[in-house]
Amino acid sequence: MVMARDSLTLLSIQEISRETGLEESVLRFYESEYGAELPDKILRGDVLSFPVAAVEVFRQLHARRMATSVPQSKIAAAGSFARVIAVTSGKGGVGKTNLALNLAIELQQLGKLCLVLDADMGMANVHLLAGVNPTLSLMAVLNDQVAMADIIVEGPAGIGLIPGGSGLVALADASRPERLKLVRALEEVELAAEIILVDTGAGMGVGVRDFLVAADDVLFVLTPDITSLADSYGLLKALHQERDFGGRPVYSVVNMVHSLTEAADVAQRFADCAQRFLGQEVENLGYIMKDATVGGATARRTPYTIFRPQARVSINTRNVAKAILKREQPEIRLSSSFGRFLERLQGKL
Ligand SMILES: Nc1ncnc2c1ncn2[C@@H]1O[C@H](COP(=O)(O)OP(=O)(O)OP(=O)(O)O)[C@@H](O)[C@H]1O
Ligand SMILES: [Mg+2]
């Protein structure tokens, strides 16, 4: 005997996923955001079930979310395109992710609307350091499952965070319409923030290069380690061979230093090489001391500037944030960095 489906029938989240065509992660996201609008769920152990009526509610919620753009409540409109700063290095493990995140927090506290875009395809980990647990990433935007606004999570001090890792890998292989979709979504975000810090993976991987060339400013993180200098110089040289790179402001920050003299020496050597062999000016924006506060903060999944605002690393980072603001180009940014990114991608298709 076939049981008729009545209002008492319960459907698992997997069954609802099949009926609506929405991924489970998206359904769970709607469940956490709009629990009050959904029929009462039933949770047995890990198994989540809903009455049949939930299918229609999930469909309606999805239609509603897809119709909205970046909500003004999450990020107030900034009026012009954001300044996009790519944080990069030739060598891994030099402190890019920590710096991008903590700089964003300091800049936000200095009154700028900031977003961090996690563009590290190898290991997207900004969210781990920020202590947030995003369920969605750019991948869901690419798959048309959610709008960009849904994946931006609010991080410490009110910064926005775009968890992007796997979505960006997909972008490199995606078809043209998919690339267009994603970059349009990024452009929309660019209109809604003032500064976007892009945490890139180390080196010159596919996709990272496009971000570096498209960014308004490129910030190299150096350390006193001799290979850091050589690898960063290698990356800068490779960037110089890319079309459209010339004229971009390039900055350095020296991380994990033991003294001011050491920091000045590393910055000077990098700037000298860049000037002499590439004719590229590199301006130093400051230094960050080597400090156990960073490890302590990571263990607590709290950014170090929040964990200990008066620690040396935090004060150093604040000074770098101020130096960035001093170098703000006064004119309103009328061209979009992600638009340039798109043009580069299109040029390669
Ligand atoms: N100023 C500092 N003092 C002490 N330790 C630091 C400092 N900056 C970063 N670290 C430590 O160095 C390690 C690498 O930091 P982080 O992950 O930010 O680097 P990364 O350049 O993003 O690395 P990857 O290339 O793997 O993405 C971490 O263990 C971090 O705690
Ligand atoms: Mg990193």
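Helices H11 and H12 are roughly parallel to each other, because their axes cross at roughly 30° and angles under 35 degrees count as roughly parallel. This is a predicted model. Beyond this helix pair, the briefing covers an open sheet of eight strands, an open sheet of three strands and the residues around ligand 1.

**Helices H11 and H12**

- H11 spans residues 226-240 and H12 spans residues 260-278, and their axes come within 11 Å.
- The crossing of H11 past H12 is right-handed.
- On the H11 side, the contact is made by Leu229, Ser232, Tyr233, Leu236, Lys237 and His240.
- On the H12 side, the contact is made by Val266, Arg269, Phe270, Cys273, Ala274 and Leu278.
- Sorted by class, the residues of this contact between H11 and H12 are eight nonpolar, two polar and two charged.

**The eight-stranded sheet**

- The strands of this open sheet follow the order E6-E7-E5-E8-E4-E9-E10-E11, and their pairing is mixed.
- E6 (153-154) and E11 (282-289) each have a single partner strand, so one side of each has no neighbour in the sheet.
- E6 pairs with E7 (residues 160-162) in the antiparallel sense, over two bridges.
- Val153 has Leu161 in E7 as its bridge partner.

**Helices across the eight-stranded sheet**

- Helix H4 (residues 96-109) lies across several strands, including E4 (83-88), E5 (114-119) and E8 (195-200).
- H4 also lies across E9 (217-222), E10 (250-257) and E11, and runs at about 170° to E8.
- Helix H15 (residues 312-326) lies across E10 and E11, at about 160° to E11.

**The three-stranded sheet**

- This open sheet has the order E1-E3-E2, with antiparallel pairing.
- Its edge strands are E1 (10-12) and E2 (42-44), each of which pairs on one side only.
- On average, neighbouring strands here are turned by 35° against each other, direction ignored.
- E1 and E3 (residues 47-51) are joined in the antiparallel sense by three bridges, and Leu10 has Pro51 in E3 as its bridge partner.
- Helix H1 (residues 13-20) lies across E1 and E3 and runs at about 85° to E1.

**Around ligand 1**

- There are 19 residues around ligand 1, and those that come nearest are Gly92, Gly95, Lys96, Thr97 and Asn98.
- H4, E10 and helix H13 (292-299) are the elements that give two or more residues to this shell.
- By class, the shell around ligand 1 has six nonpolar, nine polar and four charged residues.

Note on methods
Residues numbered from 1 in each chain as written. Chains lettered and ligands numbered in written order. Predicted model: local features only at pLDDT ≥ 70, side-chain atom pairs only at ≥ 80, totals over all residues. Axes fitted to C-alpha atoms, helices over the stretch in contact; angles between N-to-C directions. Helix = DSSP H or I, 4+ residues; strand = E, 2+ residues; numbered from the N terminus. Parallel < 35°, antiparallel > 145°, perpendicular 65-115°, else oblique. Left-handed = near helix turned anticlockwise from the far one by under 90°. Contact = placed C-beta atoms within 7 Å. Nonpolar A, V, L, I, M, F, W, Y, C, P; charged D, E, K, R; others polar. Pairing = 2+ DSSP bridges. Near = placed C-beta within 6 Å.
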